[in-house]
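Me: I would like to learn how to read a protein model one feature at a time. Could you take me through this one slowly?

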Amino acid sequence: MARNPHAFVHRISAPAGGRKEYSAGAANVLLMLVTLLVVGCRSSCDAAAYNEIIRMPEILAFDPAFDLLQQAVIEQVVETGESQVMRLELLRRDQHPSLTDSTSTTQPPKSSVERILEAVKRSHARRDAIARSMQSAPKRNSVKPSSIPVTTEGEGEYLIQIGLGTPKKTLTLSLDTGSDLVWTQCLACEVCYPQIDPIFNPAKSSTYKPVRCGPNLCEDLYITACPAAGCQYLYEYGDGSSTIGNFATDTVTLGNASSIPSLGFGCGHNQTGSFTGADGIVGFGQGPLSLISQLSNKGVISKRFSYCLVNMDSQNSSPLLLGDPAVTSAPPGVAYTPIQANPFYPTYYYLNLTGISVAGTPVKYPDGTFTIDSTTGNGGLIIDSGTTLTYLATDGYNAVIAAVKANLRYPLVSGSEYGLDLCFDVGNATSLILPTIVFHFTGKVDVVLQIENLYVLVDTTGPIICLAIVGNDGFSIFGNIQQQDHLIVYDVNPTNFQIGFKSITCG
């Protein structure tokens, strides 16, 4: 590595403050050189020097290599003296071979249209589940099994792999920013559903330890019982699904990081309802039981994480970064908006949506359409990784739909068979001209949604395209189609308590 990295960058880039056009081949060479610089600095520079390097005007002058450089920068893992740093890979549910027909010798792989329509159904189920969870007050009572039959058609759009136990056993879990508990199915099973990996056997882990009832994480479970064997739990989801089992601790391994001892998790022996076929769920909500909260409370990492979801046509994984580098290694230009507190539903991440523009023009809807009701907790907008579509409260949705229709030049068709509202036939179109939408959040944060974030192909015979935004009574959700190809940074440290957005090619 060059002793003077600033001089090195200056020699291979445009003058500071300028912009210079490169051929595709030259851009690739420059990107390789700068990436080598970034990686070299990562291993030999402190965090301050690293951040100075990646924000140099000379580097930012790259054009068109800038987006590629941003992608290279965000994929770096920076070791600081403050805490461990972990990177994991997210797979969409339809990317995992065990949850698709991709390994079948008798059936062809599902088409992109089939995958979209299945994701729409799961999205509606999740929306309904969130609505029902808001109608159910937390309660404590004895743990009794449910009689709901187990299925594997449920929720969970993104999967991550973690290691559990000693020796380590790999588990594939659904990531859920809308719940807190980390749990997996465990032997011996009373009622278990088919899952991706072998079911975890706590008897074969030398570091497994049941949690006793008392002033510990057991108290943070809504429904518990305390027999002699220790803390037992019942954790319910809004769609009626539940997991019942023993609350315990064990060693967890995340990515290439060191093993983390004594992480609390649910060892589920009786699962009912509608789960995904994954081995369980890893909660990333704000509550004390979630993975991010436990790691932060242990001092392993700061309470920060980020992800960058690839678009639905990509077969690449999506990076998930835990700890300080979720913020410190992010590329320039991340715009932050405060997280809105909702004491009635403290697990969810709420944002204050201040306006929406369609085709560059602000739409008008009644004041308070996206506001959290201070007396009931109803309303507001949740950002959620597990919901595919965006759902807007009725008054705001009606205004957006009217504005989109006013900018369409294609005949409308019914979307009822696709589970969507606004659909149109583009069979006679020689080129597509569709309106973009901008979501405006507190702090002058403007999230620009491009065509790929807004419209989905649902039928090739028309072809038929639909808007991936629908209406909802009460609360709103900012879904994962709209989050794709954006870096989303959750800085949940109490002093900051904000979420950042940056448009970027995720992969």
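Reply: Let us begin with a term that we shall need later: two residues are in contact when heavy atoms of theirs lie within 4.5 Å. Please keep in mind throughout that this is a predicted model.

Me: What does the secondary structure of the protein chain come to, and what share of the residues count as buried?

Reply: The protein chain holds 10 helices and 30 strands, and 55% of its 507 residues count as buried. Contacts add to this picture, since among those between residues at least 6 apart in sequence, 71% join residues at least 24 apart. The chain exposes about 21,000 Å², of which carbon and sulfur atoms supply 53%.

Me: How should I read a single residue, for example Ser123, and which residues does Ser123 touch?

Reply: One can ask where the residue sits, how covered it is, and what it touches. Ser123 has its place in helix H6, which spans residues 112-135. Leaving aside residues up to four places away in sequence, Ser123 touches Thr387, Thr388, Leu389 and Tyr391. With one of these, Tyr391, Ser123 also makes a polar contact of 3.0 Å between side chains.

Me: Why does Ser123 count as buried?

Reply: A residue is called buried when its relative accessible area is under 20%. Ser123 has a relative accessible area of 0%, and therefore it counts as buried.

Me: How do I read a strand, and which strands pair with E10?

Reply: As a general idea, the side chains in a regular strand alternate between the two faces of the sheet. Here, strand E10 covers residues 242-253, and 11 of its 12 residues are buried. E10 pairs in the antiparallel sense with E4 (residues 158-164) over 2 bridges, with E7 (residues 209-210) over 2 bridges, with E9 (residues 232-236) over 5 bridges, and with E11 (residues 260-272) over 10 bridges.

Me: Which residues stand opposite Val252?

Reply: Val252 in E10 stands opposite Leu164, and it also stands opposite Ile260 in E11. Elsewhere in E10, Ala248 is the bridge partner of Pro210, while Thr243 is the bridge partner of Tyr235. Between E10 and E11 lies a hairpin with 6 residues between the strands, where Gly255 takes a positive phi near 60°.

Me: What is the order of the strands in the open sheet of 4 strands, and which are the edge strands?

Reply: An edge strand pairs on one side only, which is what to look for when tracing a sheet. In this open sheet, the order is E21-E22-E26-E25, with antiparallel pairing. The edge strands are E21 (412-413) and E25 (455-459). E25 runs antiparallel to E26 (residues 464-467), and 4 bridges join the two, with Leu457 having Ile465 in E26 as its bridge partner.

Me: Finally, how many aromatic pairs does the structure hold, and how is one of them described?

Reply: A pair of rings is described by the distance between the centres and by the angle between the planes. The structure holds 16 aromatic pairs. One of them joins Tyr349 and Tyr490 edge-to-face, at 5.0 Å centre to centre and with 75° between the planes. This pair links distant parts of the chain, as Tyr349 lies in the loop between strands E15 (335-340) and E16 (350-351), whereas Tyr490 lies in strand E29 (residues 486-491), 141 residues apart. Both Tyr349 and Tyr490 are buried, and together with Phe284, Phe305 and Tyr307 they form one aromatic cluster.

Methods. Residues numbered from 1 in each chain as written. Predicted model: local features only at pLDDT ≥ 70, side-chain atom pairs only at ≥ 80, totals over all residues. Heavy atoms only, no water. Buried < 20%, exposed > 50% of the residue type's maximum accessible area, 1.4 Å probe, protein only. Pairing = 2+ DSSP bridges. Phe/Tyr/Trp six-rings, centres within 6.5 Å; stacked < 30°, edge-to-face > 60°. Polar contact = N/O pair within 3.5 Å; in protein donor to acceptor, adjacent residues only side chain to side chain. Areas by Shrake-Rupley, 256 points an atom, 1.4 Å probe, with all protein chains shown as cover.
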